[in-house]
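Student: Could you take me through one spot where the two chains meet, residue by residue? I'd like a close look at a single helix pair.

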Amino acid sequence: MTPRRKRMVLVLSAVAGVAIAATLGLKAFQENILYYYSPTQIASGEITFDDRRIRVGGLVVDGSVQREMGELGVVFDVTDELESVTVAYDGILPNLFREGQGIIAHGRFDDDGIFIADQILAKHDENYMAPEVKESLREAEWQRRQRELREQQEYSGPGEDY
Amino acid sequence: MGKESWRWFHRFGSPPHVYGLADRMVPWFAILGLACLLTATVWGLAFAPPDYEQGDGFRMIYVHVPAAWLSLFVYVLLALASAIGLIWRMKVAHAVAIAAAPLGAAFTFLSLATGSIWGQPMWGTWWTWDPRLTSQLILLFLYIGFIVLNRAFQDQRSGDRASALLGVVGVVNVPIIHFSVDWWHSLHQPATIAKFGAPSIDTAMLIPLLVMALGYKLFFAWLLLRQLQAELLQRERRAAWTKALVTGPGGTVK
């Protein structure tokens with residue numbers, strides 16, 4: 001083996017070694033790296049929180065946001081389409097917070113199973129759109145739903161006559 | 001494998017050759033880079049449509065995303081140059097790595113700073129220990145560590161070898177940064193453009209972004225070549241070719 005070949009093997013094995021160490025390290029700390037838990041993970045009881053502060057992430061359920069009059073306080077449900085968690089928060093909400101938006105709440109569960117958040121972060125998705133495009137998408141979605149509704153009525157309509 | 005076919009590669013081992021090549025390439029990178037940056041800035045800030053959700057706040061993308069892409073690109077370049085320097089004992093390769101390091105650190109810092117400024121109103125926080133943010137911060141420390149290690153030795157060759165080894169093994173962090181948003185739940189959004197399938201961004205927003213990214217690359221190439229020239233002059237200060245640059249070929253002061 002020439003000295004150059006030897007150095008090449010050394011460099012490559014150093015990289016491979018560090019890569020393996022990093023992989024194992026990240027695997028071992030998987031749970032700590034996990035930035036937030038989903039409502040399903042919480043409902044399944046696979047994690048024990050005790051009194052620990054944790055993060056819960058999911059979509060704000062449409063129509064679930066209730067504000068207290070004259071206060072900053074807000075209560076809403078967060079879902080991952082399977083399970084949901086009720087979150088209570090008293091503070092300033094980020095710009096992107098709204099119903100249907102992905103958010104991450106940082107806090108702990110109280111005795112009634114309500115998640116008392118002391119910080120709410122809004123998660124932005126990877127989609128960037130002009131307002132007009134969003135409008136036309138909404139329009140298309142509405143028409144699709146109308147069509148579905150009509151089809152359902154036509155389908156079930158005659159059935160009830162029998 | 002003929003020896004002849006490697007001549008182009010070996011010429012890159014010659015500092016005067018690389019120095020002269022850099023001199024000829026700098027004006028092109030400078031002019032094209034500045035043209036792209038200027039076009040994309042005006043286009044992105046004034047003519048691209050606002051985002052449906054973030055309004056004009058989304059325009060931070062034109063500074064943040066090209067800087068973040070470049071921070072990874074520069075690191076891969078640094079690691080490759082370090083590996084070539086280690087394996088082929090090529091002095092110019094080590095000079096390229098140390099010339100690239102402060103630039104990479106600057107772009108990493110820019111991506112972190114602009115992300116933070118955007119994150120405060122949009123996410124609701126300046127900083128959080130999210131996998132993407134944390135791994136990007138580690139990248140900044142890798143760059144700084146590289147520079148410090150390189151300059152920590154009396155003997156330049158020892159410094160080059162020590163820092164090159166750090167540079168090479170640090171490349172492991174690059175895929176971690178890129179895939180952090182897919183591997184773990186994170187606050188940072190997943191990739192919009194660098195992914196399989198069509199980019200999920202309006203074409204009217206995408207084009208100025210790509211022009212900006214090209215502008216950043218060319219701007220970086222310009223700065224890299226100038227840094228490399230300075231580094232080569234410093235390292236070869238006792239060589240005949242550097243003296244000839246000052247005195248002219250005949251030995252008289254130009």
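Tutor: Sure, let's start with who touches whom in this predicted model. On the α1(A) side you have Val11(A), Ala14(A), Val15(A) and Val18(A), and they meet Leu165(B), Val168(B) and Val169(B) of α6(B). Sort that contact by class and you get 7 nonpolar residues, with no polar and no charged ones. Now look at the spacing. An α-helix has 3.6 residues a turn, so residues three or four places apart point the same way. Keep that in mind as you scan the numbers on each helix.

Next, the geometry. Helix α1 of chain A covers residues 3-28 and helix α6 of chain B covers residues 156-169; they pack at an angle of about 50°, and their axes are 9 Å apart. Anything from 35 to under 65 degrees falls between roughly parallel and roughly perpendicular, so α1(A) and α6(B) are oblique to each other. As for handedness, the crossing of α1(A) past α6(B) is right-handed.

Now zoom out to the whole contact between the chains. Chain A puts in 32 residues and chain B 37 residues. On the chain A side, α1, β6 (115-122) and α4 (131-161) each supply at least two residues. Of these residues facing chain B, α1(A) gives the largest share, 9 residues. By class, the side of chain A that touches chain B splits into 22 nonpolar, 4 polar and 6 charged residues. So while you have the pair on screen, remember that the α1(A)–α6(B) patch itself has no polar and no charged residues.

Key:
Residues are numbered from 1 along each chain as its sequence is written. Chains are lettered from A and ligands numbered from 1 in the order in which they are written. This is a predicted model: local features need pLDDT of at least 70, side-chain atom pairs count only at pLDDT 80 or more; totals for chains, interfaces and linings use all residues. Axes are lines fitted to C-alpha atoms, for helices over the stretch in contact, and angles run from 0 to 180 degrees between N-to-C directions. Helices (H or I, at least four residues) and strands (E, at least two) are DSSP runs, numbered from the N terminus. Angles under 35 degrees count as roughly parallel, over 145 as roughly antiparallel, 65 to 115 as roughly perpendicular and the rest as oblique. A crossing is left-handed if the near helix is turned anticlockwise from the far one by less than a right angle, and right-handed if clockwise. Two residues are in contact if their C-beta atoms, placed from the backbone, lie within 7 Å. Ala, Val, Leu, Ile, Met, Phe, Trp, Tyr, Cys and Pro count as nonpolar, Asp, Glu, Lys and Arg as charged, and the others, Gly among them, as polar.
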